[in-house]
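Reader: Please show the model, and then let us go through it by question and answer.

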Amino acid sequence: MRHVLVTGGAGFIGSNFVHHLLAHTETRVTVLDKMTYAASPAAVEGLPADRFQLVVGDVADAAVVDPLVAGLTGEGDAVVHFAAESHNDNSLRDPSPFVQSNIVGTFVLLEAVRAHDVRLHHVSTDEVYGDLELDDPQRFTETTPYQPSSPYSASKAAADHLVRAWVRSFGVRATLSNCSNNYGPWQHIEKFIPRQVTNILSGTRPRLYGAGANVRDWIHTEDHSSAVRTILDRGEIGQTYLIGADGERSNLAVVQLILELMGRDRDDFDHVTDRAGHDLRYAIDSTRLRTELGWSPSFTDFEAGLAATIDWYREHESWWAPAKAATEAGYAAKGQ
């Protein structure tokens with residue numbers, strides 16, 4: 001039975017990947033998670049005890065990381081590295097946790113997999129490429145130059161460079177992926193889609209940064225999980241794969257679709273102060289992943305995937321409601 005260590009496996013994307021592995025493979029999974037505010041114990045509760053273990057610890061702590069990696073002794077064993085501070089607004093307020101978790105944490109993990117010759121897959125973001133003009137016909141590819149524009153994306157860019165350097169200099173067996181914006185279950189309500197949905201469910205209006213012209217390329221987290229599993233199984237060591245599902249939508253269009261799906265008027269939202277340095281547009285070209293590894297997304301209908309996500313938040317109010325007031329108070333203090 002393959003054994004996979006998933007860092008950040010109690011967070012939004014990481015926990016969905018854990019559920020995906022347990023549901024679709026016979027893999028045994030160990031999660032390493034610091035259990036910060038963005039992690040959710042509920043997201044990993046009730047998983048089969050014979051195939052799942054949760055270790056609470058910091059990916060930047062070598063004393064925790066090294067023995068976990070050393071325990072991966074089977075031929076197909078691997079580390080999948082999701083752990084990261086990821087909220088842009090938080091990085092603008094205080095960049096230091098992003099440097100510690102995203103850069104130092106990746107370094108610590110790289111040294112562990114180097115010492116024990118363990119396969120690594122490093123999960124990154126399309127934000128390392130900066131942004132595109134709204135009318136630019138191009139999309140990000142694996143050869144797009146890095147131009148990060150926030151402390152968050154700069155820290156992820158640095159981590160990517162570390163991984164590539166360890167592959168070339170030390171022969172670490174690693175692959176990388178850069179994914180577009182995820183949506184789906186268990187996403188913290190500070191993020192764009194859950195914030196709008198839970199605003200409506202709690203009786204307030206959605207909030208839209210600026211004019212809402214900024215474009216994001218949306219992918220359901222289940223498709224992200226299947227793509228990472230595909231890369232882990234069939235990816236070429238040293239290669240980078242971009243993960244996307246052709247889901248470009250403006251923030252305005254997403255808010256209006258949420259309102260429609262929830263039976264509200266399309267204009268029933270408020271404009272708020274725009275984010276500093278707000279990237280204009282992200283767009284992923286996932287041709288290499290699709291043609292070389294044979295992957296394709298299952299959630300090709302964004303409206304249907306969004307409707308299912310809304311239903312999930314409606315059914316899990318007990319999970320998100322306790323954090324709602326504090327989250328909105330933080331935004332209100334910034335005029336957002």
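**A glycine and its chain**

Author: In this predicted model, Gly-184 has a relative accessibility of 1% and therefore counts as buried.

Reader: Which elements flank the loop that holds Gly-184?

Author: Two elements bound this loop. The strand covers residues 181–183 and the helix covers 192–201. Gly-184 sits in the loop between them, so named by its neighbours: β7 and α6.

Reader: Which residues does Gly-184 touch, not counting those up to four places away in sequence?

Author: A contact here requires heavy atoms within 4.5 Å. With residues up to four places away left out, the list for Gly-184 is Phe-12, His-220, Thr-221, Thr-309 and Tyr-313.

Reader: What separates the C-alpha atoms of Gly-184 and Asn-16?

Author: Along the chain, Gly-184 and Asn-16 are 168 residues apart. In space, their C-alpha atoms are separated by 8.8 Å.

Reader: Why is the chain said to be as compact as a globular protein of its length?

Author: The chain's secondary structure amounts to eleven helices and twelve strands. For 336 residues the globule rule gives 20 Å. The chain counts as compact as a globular protein of that length because its radius of gyration is close to that value, at 19 Å.

Reader: What share of the chain's contacts with a separation of 6 or more comes from residues 24 or more positions apart?

Author: Buried residues make up 55% of the chain. Among contacts with a separation of 6 or more, the share from residues 24 or more positions apart is 81%.

Notes. Residues numbered from 1 in each chain as written. Predicted model: local features only at pLDDT ≥ 70, side-chain atom pairs only at ≥ 80, totals over all residues. Heavy atoms only, no water. Helix = DSSP H or I, 4+ residues; strand = E, 2+ residues; numbered from the N terminus. Rg over C-alpha atoms; globule rule 2.2 N^0.38 Å. Buried < 20%, exposed > 50% of the residue type's maximum accessible area, 1.4 Å probe, protein only.
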